[in-house]
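Me: I'd like to learn how to read a model like this one, feature by feature. Can you walk me through it?

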Amino acid sequence: MIYVNSKKEKILFIVTSVYMLNFFLIPHLRTLSNFFDITLLLKNDAPEILNKITLPIKIIEIPIERKISIIKDITALFWIFKICKKNKFKSVHTLTPKAGLLGMIGAFLARIPIRIHTFQGEVWSNKTGIIKFLLKNLDRLIVFCSTEILIVSSTERLFLINEKILFNRQSLVLGSGSIGGVDVKKFKINNKIKKELRKKNNFTSQDLVFLYLGRICKDKGLIDLANAYLTLLKKYEKIKLIFIGPAEDNTLENLKKIFLDKFEDKVFFKSFTNEPEKDLLLADVFVLPSYREGFGVSVIEAASLGIPSIGSNIHGIQDAIIDNETGFLYKVKDQYDLSVKMEYFIKYPLLRKEMGLNAKKRVEKEFTQEIILSKFINYYKSLIIN
């Protein structure tokens, strides 16, 4: 980590995880540092990753948790307020729900003039009862304490407006959505590497590989994917399924119970990847069966590699997949509908190829990192410099 003092306007970013920094924010912070003095607050939940990141910014570790933890939350709020008051930032920008709640309250109390929060999926969207009521009102508190709201997809924005979390003029989606788009120089088709990776994993040219990449947790709908796959496996022997991502609850254990180690040459698990552009090359079809999603960045990363996707028909994913053009949307939590859409890609390889090419063209037109990052930088300049 490198930090260079300057007389530029000060901006503070707050996130709850190193993973958020590593996968989404590095190009933003690196580019913004050319114009502003950047500080980042985060919980160092992956020191082996953070130690390898070199950025011209100041990084401060604080005990901020993703889940509710009253004592730690109060402690984190105190530190956020103290840091904001001491440094007199021009702007504070929060991402992820807990960072948004504590960061916006702290910045509000410290009278930071520009307070930005990015919504990227709502924890409460598939909850019920008092928990949903409480979490929705916490999001309303975030909006109240903010001066600016960014949202990662148009359908999520409409959802938040319909749920009366915010009003129509309170928010903005940059371009066609996502946090930072796709680095198409990194996520590019490489048939040579693809063949090598498939050979290394003992996949033949006849195998059709379905792949999920993301957090391994209940809200991602992975049990539905497992059951849909098992249904298809009764008819098709040459299909594989890969799960890639860190486990956050008992979903990984439940998945392994479903397969009972009977399909060790069919189903594969990988806990973490720092090279998603290579792991995605293993896939013929990307699957995102989430119950809630802000956008679905892995969908457009796969698309950049010419890989079509199947996703649940919910806000956020509806922006990442154009149904029947770049992939398929299916009824959320409907395992049968999911298996039907998966079978289409098994039975019709030309359709799979056509949709993959459509997806790649769409990324190049709307979702390149260059396009989204340019809009992000211009947004910041308009707020702070002008």
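Me: Let's start with a pair of helices: how are α13 and α14 oriented to each other?

Reply: A quick note before that. This is a predicted model, so local features need pLDDT of at least 70 and side-chain atom pairs count only at pLDDT 80 or more, while totals for chains, interfaces and linings use all residues. Residues are numbered from 1 along each chain as its sequence is written, and side-chain values use heavy atoms, with hydrogens and water left out. Now the idea: helices (H or I, at least four residues) and strands (E, at least two) are DSSP runs numbered from the N terminus. Axes are lines fitted to C-alpha atoms, for helices over the stretch in contact, and angles run from 0 to 180 degrees between N-to-C directions. Under 35 degrees counts as roughly parallel, over 145 as roughly antiparallel, 65 to 115 as roughly perpendicular, and the rest as oblique. Here, α13 (residues 335-347) packs against α14 (residues 349-367) at about 105°, with the axes 5 Å apart. The two helices are therefore roughly perpendicular to each other.

Me: Which residues make that contact?

Reply: Contact means heavy atoms within 4.5 Å. From α13 you have Phe-345, Ile-346 and Lys-347, and from α14 there are Pro-349, Arg-352 and Met-355. Sort them by type and you get four nonpolar, no polar and two charged. For that sorting, Ala, Val, Leu, Ile, Met, Phe, Trp, Tyr, Cys and Pro are nonpolar, Asp, Glu, Lys and Arg are charged, and the others, Gly among them, are polar.

Me: While we're at α13, is Gln-335 buried or exposed?

Reply: Neither extreme. Buried means under 20% relative accessible area, exposed over 50%, and partly exposed in between (1.4 Å probe, protein chains only). Gln-335 is partly exposed, at 29% relative accessible area. Setting aside neighbours within four places in sequence, Gln-335 is in contact with Ile-223, Asp-224, Asn-227 and Ala-228.

Me: What about a single helix, say α3: how far does it reach?

Reply: The expected span of a helix is 1.5 Å times one less than its number of residues. Helix α3 (residues 70-87) has 18 residues and reaches 26 Å from its first C-alpha to its last, close to the 26 Å expected.

Me: And which residues of α3 are buried?

Reply: The general idea comes from the helix geometry. An α-helix has 3.6 residues a turn, so residues three or four places apart point the same way. In α3, the buried ones are Asp-73, Ala-76, Ile-80, Ile-83 and Cys-84. They cover an arc of only 95° around the axis, which puts them on the same side of α3. That arc is taken from the directions from the helix axis to the C-beta atoms. Over on the other side of α3, Ile-70, Ile-71, Ile-74 and Lys-86 are exposed.

Me: What covers the buried residues of α3?

Reply: The cover includes the strands β1 (10-14), β2 (37-42), β3 (58-61) and β4 (91-95), along with helix α4 (97-109).

Me: Next, backbone angles. Where should I look for a positive phi just after α3?

Reply: Most residues other than glycine have a negative phi, and most peptide bonds are trans. Just after α3, Lys-88 takes a positive phi of about 50°. Lys-164 also has a positive phi, near 60°, and is a residue other than glycine. You'll find Lys-164 in the loop between α6 (154-162) and β7 (171-172), and it is exposed at 64% relative accessible area. Then there's Asn-202, whose phi is positive at about 60° although it is not a glycine. Asn-202 sits in the loop between α7 (191-200) and β8 (208-213) and counts as exposed at 65% relative accessibility.

Me: Loops again, then: is Gly-296 buried or exposed?

Reply: Gly-296 is buried, at 7% relative accessibility. Its place is the loop between β11 (285-288) and α11 (297-304). Not counting residues up to four places away in sequence, Gly-296 touches Leu-288 and Ala-320.

Me: How far apart in space are Gly-296 and Gly-214?

Reply: Their C-alpha atoms are 9.4 Å apart, with the two positions 82 residues apart in sequence numbering. Compare Asp-323 and Thr-39, which are 284 residues apart in sequence and 40 Å apart in space, C-alpha to C-alpha.
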